[in-house]
Amino acid sequence: MSDKRRELLESCRLSPLLWMSTFYPGITLRPTQLEVFKAFEDPTVRKVATVEPRGNGKTLESALLELWHLTSNADSLVYSVAGFRRQLESLVQEFRVLWSTGSRLRSLFPTLTITNEGISIAPGWRAVFATATQPENLEGAHSRGPSWVGIDESKSLPDAHLQSLLGIITSPERGDRLFATGTAGDPRGWFYQAWHGERHFWDRTFIFRASDIPHLKAAYREQVARVGAEDPIVRQQLQSEFVQLREYGVFEPVLLERAIGLDVNALDEYAPRFRRVGWDPARTTDSSVLCTMVGANVLRWDTLIAGDFMEEQIPSVVSHIHKFRINQVGVDTTGIGRGVFERLRQVLDGEDVFVKAFVSGARALDPERHANQKTAMVISIRNLLLDGRLGLPSMTGDQAANVERFIEEAAGVRLVEVGNGSVRSVDPQPSPDFFDAFLIAASLRDDVRRAGAAMIRLVGT
């Protein structure tokens, strides 16, 4: 090792702020990031946990701290872990950007290479990027120098995985450290316990809230004005509160009531060209419901008389299609719906009507966020309602009772977290026929159908 590099290691090893001013003077840390960096200035602080709102720069914060530890400690190991690959891909991108802009650091470490699997400086001196699928996958990584374990979106990491990672940081005297960060989730698991019952395990813990952060205050106030301060998603993703998401609905009644009588098509002259029907077919126990949309507005719901699909219901649907000049039809193909879909497509063959199958359990385009495609669409529709881009019928016409039933059903839809960090929509009981028909019709819209990247949109996400 050269004298110049050795001097660097000694001067910056105990001070991430000195390292920042030396190699990245152009990066200004946000106040919350500065608090975390100051915590690691104390050599006795070994384990730090932060819960932060979305949009607060957690990924950059983690990348800077991990690069500081790696380049300031000879023969060190950085073990960077996330619940799934998408999170790591964002972190790797931050490393690449930092490396491309850190000319002085590059001159001191000419052999350093970055891949999707990790960073290498020399044999035994490295960073490892990992997703955790089994606890045993996280065992066996050790180094001669001090180790750093960084965990991103910590709520997605099971308790057993954390125990495996703790086997990497076994020597406080050597300088081993643990940094866990992420947004809040359900009130369970080791990340939740860092602030509720297991706080003594950590040297420092931080809770950062959007209402207290200058660059997020405006977005927080906007969300509160739209959905209220008690909205569970606002509380989790902006206010860093551990809230049981399954206790709440996705579609608050006030959100749905705002859309009643709203003519969204007035904002888009082309919207009325798209005339859609969503059909949730059923025989007897459930209602067989049609939802008709013109552009971005729901025109009406209609309940079909129970009867034979081929002899009674399909002719009624075809008559409805002709009456309202429908050009797009979606059919729920779950169970008996598959045969109904195939028959309807045959009957309409040759007509200018697009017939599409709706499969509620289909794989989501982004399965790390959504348990299935239906969940992605549910979230996308919520965002459209927030933006005033979906209209419901007026309560003064013949659809008043149907609107009331739709609101009751939609208010019962739940959003819950599943084990891998994604979310899943859960229907109320009994089956929400009016909501399902609406979802099928809305799914024919391009912005809903492409909802693979849809997420609860808060701070511009």
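Biologist: What makes you say that the charged end of Lys47 sits over the ring of Phe201?

Modeller: In this predicted model, the charged end of Lys47 is 3.8 Å from the centre of the Phe201 ring. The cut-off is within 6 Å of the ring centre, together with a limit of within 35 degrees of the ring normal, and the pair is listed as a charge over a ring.

Biologist: Which aromatic cluster does Phe201 belong to?

Modeller: Phe201 forms one cluster with Trp190, Phe191, Tyr192, Trp195, Trp202 and Phe242. The count for the model comes to 22 aromatic pairs.

Biologist: Why is the pair Phe191 and Trp195 called edge-to-face?

Modeller: Their ring centres lie 5.2 Å apart, and their planes meet at 90°. Pairing needs centres within 6.5 Å, and planes over 60 degrees apart count as edge-to-face, so the pair earns that name.

Biologist: And what makes Phe191 and Phe242 edge-to-face?

Modeller: Here the centres are 5.9 Å apart and the planes stand at 70°, so the label is again edge-to-face. Phe191 is in helix α8, while Phe242 is in the loop between α10 and α11, so the pair ties together parts that are 51 residues apart in sequence.

Biologist: How do you know whether Phe191, Trp195 and Phe242 are buried or exposed?

Modeller: Buried means under 20% relative accessible area. Phe191 has 2%, Trp195 has 8% and Phe242 has 15%, so each of these counts as buried.

Biologist: Why is Thr131, in strand β5, called partly exposed?

Modeller: Thr131 has 25% relative accessibility. That value falls between the 20% and 50% cut-offs, so Thr131 counts as partly exposed.

Terms used: Residues numbered from 1 in each chain as written. Predicted model: local features only at pLDDT ≥ 70, side-chain atom pairs only at ≥ 80, totals over all residues. Heavy atoms only, no water. Buried < 20%, exposed > 50% of the residue type's maximum accessible area, 1.4 Å probe, protein only. Phe/Tyr/Trp six-rings, centres within 6.5 Å; stacked < 30°, edge-to-face > 60°. Helix = DSSP H or I, 4+ residues; strand = E, 2+ residues; numbered from the N terminus.
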